[in-house]
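This briefing covers the sheets, one helix, the salt bridges and the cysteines of the protein shown below. Please keep the structure open while reading.

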Amino acid sequence: MKIAVVGTGYVGLVTGTSLAMLEHEVFCIGRDKEKINAINKGKALFYEPGLENILKKLTKKNLLIATDNLSESVQNAQAVIIAVGTPTVENKIDLSAIKKVTEQIGSALKNVKRYQVVVVKSTVVPGTTEKVILPILEKYSEKKIGEFGLCMNPEFLREGNAVEDALRPDRIVIGQYDVKSGKTLAALYSKIKSPIVFTNLQTAELVKYTANSLLATLISFSNEIARIAEGIQGIDVSDVWRGVHLDFRLSPIVGNRRIHPGILHYILSGCGYGGSCFPKDTKALAHFVNTLGIESPILRGVISTNNSQPQRMIGLLTSCMEHIAGKRIAVLGLSFKPNTDDLRDSPALTLIELLKKDGATVICHDPMAYKETVPLELKGLGVVLAETVQEALHDADACMLVTAWDVYKKLTPSIFKDNMKTPFLIDGRRIYNKKTFVTAGILYKGIGLSSI
Ligand code: NAD
């Protein structure tokens, strides 16, 4: 099948790549000529394990072509996938980019005689596909729905694991305007052996928000438990989670082996969630349900707990440091999670802002975030970007661990002792063994560690 994917960000490029691997002819539509040229040379625009290797092979064989010619690509395609950003502005979903490309897609559909299906992959609040996207498509194409198809097909890829997730998804949710639309989209995925859930458009939209909000809720709940642990003498929340995780319902025994499902990664305490999805999607959903006159106290609590996690890290710092002003603080990890260079809404950024506001000198390290270019988010922060962990720790008064990269998990107490002015470590992800570090002479503080 010929497919046009509009948007060459994380979702657009990964979707285009995986569909090309399934032997579809894919056109990835972007706006920036430089980026388009880079993609056509097989260059991924962001760090995602495995993506660049595959992209190189596909572009060499012309199975994936990046272009800025939306009109021609859409006219030639049997399916048009919309994967542009839907950010949250002042807590409300901003549909301006998706509306704009929908107008362009509608105009391109106008003179096409064949049946084509338009697929919304961007995350949008319930009702958007039917009440916003459909009228625009009908207006600009001068066609009626039925002459073209419409689906809402939420994306569940996880950054850092995106290629694998796109090729072998746990499920495919197809919100269909009508059966013909759904069947046309399902044919696109016929080589993937994952279960397909067919729904109406608005259910598919809510599935996506529910999936993200559930995971965000687990994280904020775990962080609330950490606060309770911090307030009671002698408790380490890591022990609490070990005791909880071994519940057979959370980690069952299958064939004599204890299974540790991925969900357990979300039932752990840390310095908060970030990234391009959880923060914006929880806020957009809370705002949306409010406009319906529906209360969402849990969702609001989830957001509020998460917003205050960076301040909790500062609290751990000031519990052992009278003044932050003039102190040299090392921050390990900038991306919102390991295996990605995505800094969007990373708790590290809020933490750094708080440290700078209090007058600290901040030296950061991240294995990926500024490897090729320094992202805008970092340029504005006024921090020093270290090339190595040692450089970040050199002469530091304290070190704050924010992202659980594997390279940090391997650090031993000696690197902190040998390089820092005072070996004061705040473990925002609880990746270190407290006993080992304390015995080695490190002043060790962590999220969920009793302060009494
Ligand atoms: P992104 O910011 O990485 O990419 C968005 C892309 O859309 C950019 O390349 C931008 O240039 C492009 N774009 C915007 N307006 C355009 C236009 N007029 N013409 C052509 N291109 C245009 O965003 P993303 O992370 O890929 O997310 C896209 C959507 O997928 C969002 O709705 C997001 O919520 C959802 N989503 C993201 C993830 C994720 O992990 N990143 C996972 C699931 C769903």
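Two strands are taken to pair if DSSP finds at least two bridges between them. The model is predicted. On that basis, 8 strands make up an open sheet with mixed pairing, and 6 strands make up an open sheet with parallel pairing. The count of salt bridges is 19, while the count of disulfides is 0.

**The sheet of 8 strands**

- The strand order in this open sheet is β3-β2-β1-β4-β7-β8-β9-β10, and the pairing is mixed.
- The edge positions belong to β3 and β10 (196–199); each has a single partner strand, so one side of each has no neighbour in the sheet.
- From one strand to the next, the twist averages 25°.
- Strands β7 (residues 117–120) and β8 (residues 149–152) run parallel and are joined by 4 bridges.
- Within this pair, Val 118 has Leu 150 of β8 as its bridge partner.
- Helix α1 packs on the sheet, where it touches β1 (2–6), β2 (25–29), β3 and β4 (79–82).
- The direction of α1 makes about 170° with that of β2.

**The sheet of 6 strands**

- Here the strand order is β15-β14-β13-β16-β17-β18, in an open sheet with parallel pairing.
- β15 (384–385) and β18 (443–446) are the edge strands; each has a single partner strand, so one side of each is left without a neighbour in the sheet.
- The pairing of β14 (residues 361–365) with β15 is parallel and spans 2 bridges.
- In that pairing, Ile 363 has Val 384 of β15 as its bridge partner.
- Helix α14 (residues 347–357) lies across β13 (328–332), β14 and β16 (398–401).
- The angle at which α14 runs to β14 is about 155°.

**Helix α3 and its two faces**

- Leu 51, Ile 54, Leu 55, Leu 58 and Thr 59 are the buried residues of helix α3 (residues 51–60).
- These residues lie on the same side of α3, because they cover an arc of only 125° around the axis.
- Exposed residues Asn 53, Lys 57 and Lys 60 are carried on the face of α3 turned away from its buried side.
- Elements covering the buried residues of α3 include α1 (10–21), α2 (33–40), β3 (64–67) and α7 (162–167).
- Just after α3, a positive phi of about 60° is found at Asn 62.

**Salt bridges**

- A salt bridge links Asp 236 to Arg 430, with the closest N and O atoms 2.9 Å apart.
- Asp 236 and Arg 430 connect distant parts of the chain, 194 residues apart: Asp 236 is in the loop between α9 (201–230) and α10 (237–245), and Arg 430 is in the loop between β17 (424–427) and α19 (434–439).
- Asp 236 and Arg 430 are both buried.
- Glu 52 and Lys 43 also form a salt bridge, in which the closest N and O atoms are 3.6 Å apart.
- Glu 52 is partly exposed at a relative accessible area of 27%, and Lys 43 is partly exposed at 33%.
- Arg 242 and Asp 239 form a salt bridge with an N to O distance of 2.5 Å.
- Arg 242 and Asp 239 are 3 residues apart in helix α10, so about one helical turn separates them.
- Arg 242 is exposed, with a relative accessible area of 57%, whereas Asp 239 is partly exposed, with 41%.
- One network, held by salt bridges that share partners, joins Lys 43, Glu 52 and Lys 56.

**Cysteines**

- The model has 0 disulfides, counting cysteine sulfur atoms within 2.5 Å as a pair.
- Cys 28 is in no disulfide, and the nearest cysteine sulfur, that of Cys 277, is 18 Å away.
- Cys 28 counts as buried, with 0% relative accessibility.
- Cys 271 is likewise in no disulfide; the nearest cysteine sulfur belongs to Cys 399 and is 12 Å away.
- Cys 271 is buried, with a relative accessible area of 2%.

Definitions and conventions: Residues are numbered from 1 along each chain as its sequence is written. This is a predicted model: local features need pLDDT of at least 70, side-chain atom pairs count only at pLDDT 80 or more; totals for chains, interfaces and linings use all residues. Side-chain values use heavy atoms; hydrogens and water are left out. A salt bridge is a side-chain nitrogen of Lys or Arg within 4 Å of a carboxyl oxygen of Asp or Glu. Buried means under 20% relative accessible area, exposed over 50%, partly exposed in between (1.4 Å probe, protein chains only). Contact means heavy atoms within 4.5 Å. Axes are lines fitted to C-alpha atoms, for helices over the stretch in contact, and angles run from 0 to 180 degrees between N-to-C directions. The arc is that of the directions from the helix axis to the C-beta atoms.
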